[in-house]
Amino acid sequence: MNLRESGFVYTDTSRGATMTQEAIPVDTQTGTQTSRAVMGMRDLIVTGVMVPGERFTEVLLAERLGMSRTPIRAAIQQLREEGLLEPLASGGFTVRGFLPREIAEAIEIRGAIESLAARLLAERGVEEAVLRHLDGVLDGIDPVLEAPVFGQAQIMRYSAVNAEFHAGLVAATGSALIQQEAQRANARPFASASALVQLNENSEQARRHLIVAQDQHRAVLEAIRGREGARVEALLREHARLSHRNLMRALRLHMPLDGLPGASLIRRYG
């Protein structure tokens, strides 16, 4: 599974595609190369090629990605700022592991930003056409949840449409700052709305979990239409916590995490 399927992404609904740093317009060749380096390193992390505790250097990564050291150096700095990498006393750097409480904090931050966005929509008002569009996005989830057989294909489809809905809520504010902060929050490992969707014991348990999430989606739009700022803020905070509860349940039951992109980053114990 690659980066775009991992939850380490942010969805741009205006283009109907996932967006990472690689997709952000840049004005210089150096910027383009840095974006490619960030994308390549993220893929190595998500697929488990780069794992916590292993030492890496600029030279090694430049050779592996077939790039010069300049964009690799800039990519390392960006990923350090995001908390994915940390320096080693002996030189070089390693991938950082994450405790469940750290993942919970990242999810909480993402939920807080989305909650703010939804509360502003409720308090300031939003055009009905925007809400109808979001209704239509959610309409795309219903057939997935009602499919006779619910498996990996349905989970991946849900993940894509779910990400579109969450990004659409933020975009509806028209605030460049809120969208920027949401993108930053979604870039953190396991923090995005769809990052932990597939963490369930079996497909039917996943379906039940996602039916609850979809009901919350509908309630969010209902609260925005009703100009209920406090209600929608509380709804989205609770909605975000579903992801954390899903992770904690998987850890408590000692479920295998092999199918979860970036699973090697999760430290079960401190």
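Among contacts in the chain between residues at least 6 apart in sequence, what percentage join residues at least 24 apart? In this structure, which is a predicted model, the figure is 73%.

Let me begin with the overall layout. The chain contains 10 helices and 4 strands. Read from the N terminus, the order of elements is β-β-α-α-α-β-β-α-α-α-α-α-α-α. Of the 270 residues, 50% are buried. The accessible surface amounts to about 12500 Å², and carbon and sulfur atoms account for 51% of that area.

I turn now to the interior. The largest nonpolar core comprises 35 residues, and the residues with the most contacts inside it are Met-41, Met-50, Leu-61, Leu-85, Phe-93 and Leu-196. Two or more residues of this core are supplied by each of α1 (29–46), α2 (58–65), α3 (69–81), β4 (93–95), α4 (100–124) and α10 (229–252). The largest share, 5 residues, is that of α1. Where does this core lie with respect to domain 1 (33–95) and domain 2 (100–265)? Both domains give residues to the core, so it lies between them.

Met-41 deserves a closer look. Setting aside neighbours within four places in sequence, Met-41 is in contact with Met-50, Leu-61, Leu-65, Ala-75, Ile-76, Leu-79, Leu-85 and Phe-93. Apart from the core around Met-41 there is another core, of 29 residues, which includes Leu-121, Val-161, Val-232 and Leu-236.

Next, helix α2. Its buried residues include Glu-58, Leu-61 and Ala-62. Viewed down the axis of α2, the buried residues fall within an arc of 100°, so they line one face of the helix. Just after α2 comes Gly-66, whose phi is positive, at about 65°.

The remaining topic is charge pairing. How many salt bridges does the structure hold? There are 19 salt bridges, and I shall discuss three pairs and one network.

The first pair I shall show is Glu-102 with Arg-96, a salt bridge in which the closest N and O atoms are 2.5 Å apart. Is Glu-102 buried or exposed? Glu-102 is buried, its relative accessible area being 16%. Arg-96, by contrast, counts as partly exposed, at 23% relative accessibility. The cut-off that separates these two partners is 20% relative accessible area, under which a residue counts as buried.

The next pair is within helix α4. Glu-123 and Arg-119 meet through their side chains in a salt bridge, with an N to O distance of 3.2 Å. These residues are 4 apart in α4, so about one helical turn separates them. Glu-123 is partly exposed at 45% relative accessibility, and Arg-119 is partly exposed with a relative accessible area of 22%.

A further salt bridge links Glu-228 and Arg-231, where the closest N and O atoms are 3.1 Å apart. Glu-228 counts as partly exposed at 33% relative accessibility; Arg-231 is also partly exposed, with a relative accessible area of 32%.

Finally, the network. Which residues are joined into one network by salt bridges that share partners? They are Glu-128, Asp-135, Asp-139, Asp-142, Arg-218 and Arg-225.

To close, I return to the interior of this predicted model: the core of 35 residues lies between domain 1 and domain 2, and another core, of 29 residues, lies apart from it.

Notes
Residues numbered from 1 in each chain as written. Predicted model: local features only at pLDDT ≥ 70, side-chain atom pairs only at ≥ 80, totals over all residues. Heavy atoms only, no water. Core = buried A, V, L, I, M, F, W, Y, C linked by side-chain atoms within 4.5 Å. Buried < 20%, exposed > 50% of the residue type's maximum accessible area, 1.4 Å probe, protein only. Domains from an automatic or database assignment. Contact = heavy atoms within 4.5 Å. Salt bridge = Lys/Arg side-chain N within 4 Å of Asp/Glu carboxyl O. Arc of directions from axis to C-beta. Areas by Shrake-Rupley, 256 points an atom, 1.4 Å probe, with all protein chains shown as cover.
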